[in-house]
Amino acid sequence: MSYKEKNVTVSLVTFTVILGIYLKQISQMLRSGGLNDDVFSLWATVVVMGIIATIILTIFAHIGFAIFEVIRTGDDDPKIDDSEDERDKLIDLRGTQATYFVSSIGSLLAMLTFAMGQSPYVMFSLLVLSGLVAQVFGDIFRLVLYRRGF
């Protein structure tokens with residue numbers, strides 16, 4: 001697994017967990033009477049968790065993979081190829097394009113719910129949801145492209 005694939009895998013796991021937590025919290029709010037002002041703290045938590053978890057888990061993943069490489073090769077100074085070539089850039093661009101596409105569709109649906117008379121809480125919750133789903137979809141698309149050898 002290349003350096004970039006490891007980064008994408010960590011991002012995928014992180015945002016999948018955050019998406020699960022978000023969906024669980026939103027479903028609990030909907031069961032207990034609908035979306036209210038508590039949704040603001042949930043949005044802030046999602047954003048902060050996304051930033052902090054991505055940074056921390058990426059660092060721990062690189063440390064773990066470096067330890068694994070030292071154990072596997074027996075070399076005290078393993079060579080980590082973190083270079084980026086045109087293929088990596090193209091895969092990243094295509095993944096970003098897929099992420100933007102899914103996020104745009106989600107934003108359109110969120111705006112439509114607001115135009116149809118739903119509360120702003122619903123619209124903004126759908127915007128956050130579409131951002132999380134878009135990130136997960138983009139990471140899956142990037143991994144597929146890396147595995148396919150694009």
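These exercises work through helices, buried residues, salt bridges and a surface patch in a predicted model.

Residues are numbered from 1 along each chain as its sequence is written, and side-chain values use heavy atoms, without hydrogens or water. Local features need pLDDT of at least 70 and side-chain atom pairs count only at pLDDT 80 or more, while totals for chains, interfaces and linings use all residues.

**Exercise 1. Compare the span of α2 with its expected span, then find its buried residues and what covers them.**

Step 1. Take the helix limits. Helices are DSSP runs of H or I with at least four residues, numbered from the N terminus. Helix α2 covers residues 38-73, which makes 36 residues.

Step 2. Get the expected span. The rule is 1.5 Å times one less than the number of residues. For α2 this gives 52 Å. The first and last C-alpha atoms of α2 are 51 Å apart, close to that value.

Step 3. List the buried residues. Buried means under 20% relative accessible area, exposed means over 50%, and partly exposed lies in between (1.4 Å probe, protein chains only). In α2, V39, L42, W43, V46, G50 and A61 are buried.

Step 4. Find the cover. Contact means heavy atoms within 4.5 Å. The cover of these residues includes α1 (3-31) and α4 (120-148).

Step 5. Look past the end. G74 follows α2 and has a positive phi, near 80°.

**Exercise 2. Describe the surroundings of R142 and its salt bridge with D139.**

Step 1. Place the residue. R142 sits in helix α4. The 29 residues of α4 should span 42 Å, and the end C-alpha atoms are 41 Å apart, which agrees.

Step 2. Check burial. R142 has a relative accessible area of 9%, so it is buried. D139 is buried too, at 3%.

Step 3. List the contacts. Leaving out residues up to four places away in sequence, R142 touches V8, I91, D92, G95, T96 and T99.

Step 4. Test the pair. A salt bridge needs a side-chain nitrogen of Lys or Arg within 4 Å of a carboxyl oxygen of Asp or Glu. R142 and D139 pass, with the closest N and O atoms 3.2 Å apart.

Step 5. Relate the pair to the helix. R142 and D139 are 3 residues apart in α4, so about one helical turn separates them. An α-helix has 3.6 residues a turn, so residues three or four places apart point the same way.

Step 6. Extend the pair. D92, D139 and R142 are linked in a network of salt bridges.

**Exercise 3. Count the salt bridges and work out which parts the K4 and E84 pair ties together.**

Step 1. Count. The model has 6 salt bridges.

Step 2. Take the pair. The closest N and O atoms of K4 and E84 are 3.0 Å apart. K4 lies in helix α1 and E84 in the loop between α2 and α3, so the pair ties together parts that are 80 residues apart in sequence.

Step 3. Check exposure. K4 is partly exposed at 22%. E84 is also partly exposed, at 39%.

**Exercise 4. Find the nonpolar surface patch that holds I59 and give its area.**

Step 1. Apply the rule. Patch residues have over 30% relative accessible area and no salt bridge; like charges are joined within 9 Å, nonpolar side chains (Val, Leu, Ile, Met, Phe, Trp, Tyr) within 5 Å.

Step 2. Check I59. I59 is in helix α2. Its relative accessibility is 47%, so I59 counts as partly exposed.

Step 3. Give the area. The patch includes I59, F60 and I63, and its residues have about 1,100 Å² of accessible area together (Shrake-Rupley method, 1.4 Å probe).

Methods
Helices (H or I, at least four residues) and strands (E, at least two) are DSSP runs, numbered from the N terminus.
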